Amino acid sequence: MTLQDSPFLRACQRLPVSHTPVWFMRQAGRSLPEYRRVRADVPMLEACARPDMIVEITMQPVRRYEVDAAIYFSDIVVPLKAIGVDLDIKSGVGPVVAEPIRDLDGIKRLRDLEPGDVPYVTEAVGELVGELGDRPLIGFAGGPFTLASYLIEGGPSKNHEHTKALMYGEPDIWAELMQRLSAITLEFLRVQVAAGASAVQLFDSWAGVLSAEDYRTGVLPYSSWIFERLAALDVPRIHFGVGTGELLGLLSEAGADVVGVDWRVPLDKAAQRVQPGTALQGNLDPATLFAPWSAVAERARDVLSRARAAEGHVFNLGHGVLPSTDPDALARLTDFVHQETAG
């Protein structure tokens, strides 16, 4: 099999597949004991800047599960760190920004990202492509709204009050911030594709906190700008956010080839909300994996049944693998999906 024959890439392109392809968001991470061993004394952002660790952590789930694609190990704030933003990822908290950005002076300090800022990405992707052979590597970046939220709030937020206040009350400053973040995100994805990534996912994890109208005016133009420019790279483009049931049509309108769906919206309903010519990714509730196997199988079968309404389907969870998930449950689920859909 060649890379272009990969069931994952074919499903993204809405072509016939030998079986429904499977990969899991956060398949490389805290649920794996080998990951915890490798990362034991290494801070997250250091791990994301070391090619040897990126390669090892990206490959761990590929060795353990028969997933149909690997996802590049990184974090959404890596490109911000690379251009000099003073931030860290604190255990149990998430990304924390030393000086939140809430005015034009702060925004002007956000310079463009250049390939030379992230040489470890180019090196790691090149090595991974060599190891993966005919298995695709998915490039990864955070969406501009989610990056903006971290920069403005100074860290994770439940209400995003400072972010929304800037969006609602200072539209010109908001536009300047989103334009800069969009350019940084685009370049980070371009670097990964140039090094050999076969697909990309834009992970706008906080977009679901917005109303459809606010997303349309404050985020859609920038997501669309990114996807328009990625089109020239001729790789499948995936768009995902959490809690985005009311935004699925807009996520699709932004221009992605595949829209990721969280567990809150059944795939047959999601298929009615996205634009024609869009494949779907998802969407088993990650918590299902803690139930007895009979329940996991029943619910996975339901996802596959509903996915027949989609023009193409990549099986995934509706969000990332939870840290205390039993890796054996993911291995069994992967095999189950392959067996259920073979032929």
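# Exercises on Empty Space and Backbone Geometry

A search of the whole structure, which is a predicted model, finds one cavity of 30 Å³ or more.

## Exercise 1. The cavity

State the volume of the largest cavity and classify the residues of its lining.

Solution.
- Step 1. The volume of the largest cavity is about 50 Å³.
- Step 2. Its lining consists of Leu3, Val129, Leu132, Gly133, Arg135, Pro136, Leu137, Gly196 and Ser198.
- Step 3. By class, five of these residues are nonpolar, three are polar and one is charged. Glycine is counted among the polar residues.

## Exercise 2. The largest pocket

Determine how much space lies in the largest pocket, and which elements give two or more residues to its lining.

Solution.
- Step 1. The largest pocket holds about 1,300 Å³ of space.
- Step 2. Its lining comprises 44 residues, and those nearest the centre are Arg26, Arg30, Met44, Asp75 and Ile89.
- Step 3. Two or more lining residues come from each of helix H2 (33-38), strand S2 (87-90), strand S3 (94-97) and strand S5 (199-203). The largest share, three residues, belongs to S2.
- Step 4. The lining contains 26 nonpolar, 10 polar and eight charged residues.

## Exercise 3. The second largest pocket and helix H15

Identify the element that gives the most to the lining of the second largest pocket, and establish how the buried residues of that helix, H15, are arranged around the axis.

Solution.
- Step 1. About 320 Å³ of space lies in the second largest pocket. Of its 19 lining residues, Thr20, Leu304, Arg308, His313 and Thr341 lie nearest the centre.
- Step 2. At least two lining residues are supplied by each of helix H15 (293-306) and helix H16 (327-341). H15 gives the most, with three residues.
- Step 3. The class division of this lining is six nonpolar, eight polar and five charged residues.
- Step 4. H15 has 14 residues and spans 20 Å from its first C-alpha to its last, close to the 20 Å expected at 1.5 Å a residue.
- Step 5. Val296, Ala297, Ala300, Val303 and Leu304 are the buried residues of H15. They lie on the same side of H15 because they cover an arc of only 125 degrees around the axis.
- Step 6. An α-helix has 3.6 residues a turn, so residues three or four places apart point the same way.
- Step 7. The exposed residues Ser294, Glu298 and Arg299 are on the face of H15 turned away from its buried side.

## Exercise 4. Backbone exceptions

Locate the cis peptide bond, then decide whether Arg26 and His160, both with positive phi, are buried, partly exposed or exposed.

Solution.
- Step 1. Most residues other than glycine have a negative phi, and most peptide bonds are trans.
- Step 2. The cis peptide bond joins Gly282 and Asn283, with omega about -5 degrees. Asn283 belongs to strand S8 (residues 279-284).
- Step 3. Arg26 has phi near 60 degrees and is found in the loop between helix H1 (7-12) and H2. Its relative accessible area is 43%; a residue is buried under 20% and exposed over 50%, so Arg26 is partly exposed.
- Step 4. His160 has phi of about 55 degrees and is found in the loop between helix H8 (144-153) and helix H9 (161-169). The relative accessibility of His160 is 1%, so this residue counts as buried.

Conventions: Residues are numbered from 1 along each chain as its sequence is written. This is a predicted model: local features need pLDDT of at least 70, side-chain atom pairs count only at pLDDT 80 or more; totals for chains, interfaces and linings use all residues. Side-chain values use heavy atoms; hydrogens and water are left out. On a 1 Å grid over the protein atoms alone, a cavity is a set of points where a 1.4 Å probe fits but cannot get out, and a pocket is an open set with protein on both sides within 12 Å along at least five of seven lines; lining residues have an atom within 4 Å of a point. Grid points are joined across faces, edges and corners, and a volume is the space filled by probe spheres set on the points. Helices (H or I, at least four residues) and strands (E, at least two) are DSSP runs, numbered from the N terminus. The expected span of a helix is 1.5 Å times one less than its number of residues. Buried means under 20% relative accessible area, exposed over 50%, partly exposed in between (1.4 Å probe, protein chains only). The arc is that of the directions from the helix axis to the C-beta atoms.
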